[in-house]
Amino acid sequence: SLQTSISQSLGIIQNDLIIVPLVIDRGNGSDYTLIAPTLEGLVLPEGYNGTLEDNLVHIGLPVGLAGWNNVFRKEISTALAQEPQALEKGITIIIKKNGKVGTRRFGVPLWESLVGDVAMRSELGLDIRNV
């Protein structure tokens, strides 16, 4: 969730990652569209300094939603073929810097794990330019 990403903001930024959240709006029936979420309701965890905006620099809201919908329809179809309950569980799709899909995961993103994966690759001298 975006709320849990706040505690990992520094690691996300240091590992050159960015979160672009999209919400799957199912509307009525089986069709869906992707919409940009609002950041309303997010709160700064206890002990954090600055404003909420200062602590959300790791989040970039999507622009050009038609393009996002075109790209992710295929990915969502693939996810639904793998897991029929994918829309209910949520889908995390990792897009590498080269524009290719790196990973597709179901459920709430584990930000600490994602940050740790990139940090470990860096420590081992592996490529992190296209993570």
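This is a tour of a predicted model, to be followed with the structure open in a viewer.

**First stop: the largest core**

Begin by selecting Leu2, Ile6, Ile12, Ile19, Leu42, Leu56, Ile59, Trp111, Leu114 and Val115, the 10 residues that together make up the largest nonpolar core. If you then colour helix α5, residues 111–123, you will be looking at the element that gives the most to this core, with 3 residues. A second core, separate from this one, has 9 residues, including Phe72, Ile76, Leu87 and Ile91.

Stay with the largest core for a moment and centre the view on Ile12, one of its members. Leaving aside residues up to four places away in sequence, Ile12 touches Ser5, Leu17, Ile18, Ile19, His58 and Val115.

Ser5 is a good residue to select next, and you will find Ser5 in helix α1. Is Ser5 buried or exposed? Ser5 counts as buried, because its relative accessibility is 0%, and the cut-off for being buried is under 20%. Apart from neighbours within four places in sequence, Ser5 is in contact with Ile12, Ile19, His58, Ile59 and Trp111.

**Second stop: along helix α5**

Now show α5 from end to end, and notice that its 13 residues reach 18 Å from the first C-alpha to the last, which is close to the 18 Å expected at 1.5 Å a residue. Select Trp111, Leu114, Val115 and Val118, which are the buried residues of this helix. They lie on the same side of α5, because they cover an arc of only 95 degrees around the axis. A general point helps here: an α-helix has 3.6 residues a turn, so residues three or four places apart point the same way.

What do the buried residues of α5 pack against? Display α1 (2–5), α2 (9–14), β3 and β4 (101–106), and you have the elements that they pack against. Turn the view to the face of α5 that points away from its buried side, and you will see the exposed residues Glu112 and Glu123 there. Just after the helix comes Gly125, whose phi is positive, near 80 degrees.

Continue into the segment after α5, where Val131 lies. Val131 is described as partly exposed because its relative accessible area is 22%, whereas a buried residue would be under 20%. Not counting residues up to four places away in sequence, Val131 touches Ile95, Lys96, Lys97, Val118 and Arg121. If you draw a distance from Val131 to Asn15, C-alpha to C-alpha, the viewer should show 9.7 Å, although 116 residues separate the two in sequence.

**Third stop: a loop residue with a positive phi**

Select Asp16, in the loop between α2 and β1 (23–25). The phi of Asp16 is near 60 degrees, a positive value in a residue that is not glycine. As a general rule, most residues other than glycine have a negative phi. With a relative accessible area of 52%, Asp16 is exposed.

**Fourth stop: strand β3**

Move to strand β3, residues 91–95, and pick out Thr92 within the strand. Thr92 counts as buried, at 9% relative accessibility. Setting aside residues up to four places away in sequence, Thr92 touches Thr103, Arg104, Arg105, Gly107 and Pro109.

Ile93 is also found in strand β3, and this residue is buried, with a relative accessible area of 17%. Which residues does Ile93 touch, not counting those up to four places away in sequence? They are Phe72, Glu75, Val101, Thr103 and Arg104. For another distance to draw, join the C-alpha atoms of Ile93 and Phe106, which are 13 residues apart along the chain and separated by 8.7 Å.

**Last stop: the rings**

Finally, select Trp68 and Phe72, which both lie in helix α3 (residues 65–82), 4 residues apart, or about one turn of the helix. These two residues form a stacked aromatic pair, with 5.6 Å from centre to centre and 15 degrees between the planes. Trp68 is partly exposed, with a relative accessible area of 24%, while Phe72 counts as buried, at 7% relative accessibility. To end the tour, select Arg73 together with Tyr32, and look for the charged end of Arg73 over the ring of Tyr32, 4.5 Å from the centre of that ring.

Note on methods:
Residues are numbered from 1 along each chain as its sequence is written. This is a predicted model: local features need pLDDT of at least 70, side-chain atom pairs count only at pLDDT 80 or more; totals for chains, interfaces and linings use all residues. Side-chain values use heavy atoms; hydrogens and water are left out. Helices (H or I, at least four residues) and strands (E, at least two) are DSSP runs, numbered from the N terminus. Buried means under 20% relative accessible area, exposed over 50%, partly exposed in between (1.4 Å probe, protein chains only). Contact means heavy atoms within 4.5 Å. A nonpolar core is a set of buried Ala, Val, Leu, Ile, Met, Phe, Trp, Tyr and Cys residues joined through side-chain atoms within 4.5 Å. The expected span of a helix is 1.5 Å times one less than its number of residues. The arc is that of the directions from the helix axis to the C-beta atoms. Rings of Phe, Tyr and Trp (its six-membered ring) pair if their centres lie within 6.5 Å; planes under 30 degrees apart count as stacked, over 60 as edge-to-face and the rest as tilted. A charge sits over a ring if NZ of Lys or CZ of Arg is within 6 Å of the ring centre and within 35 degrees of the ring normal.
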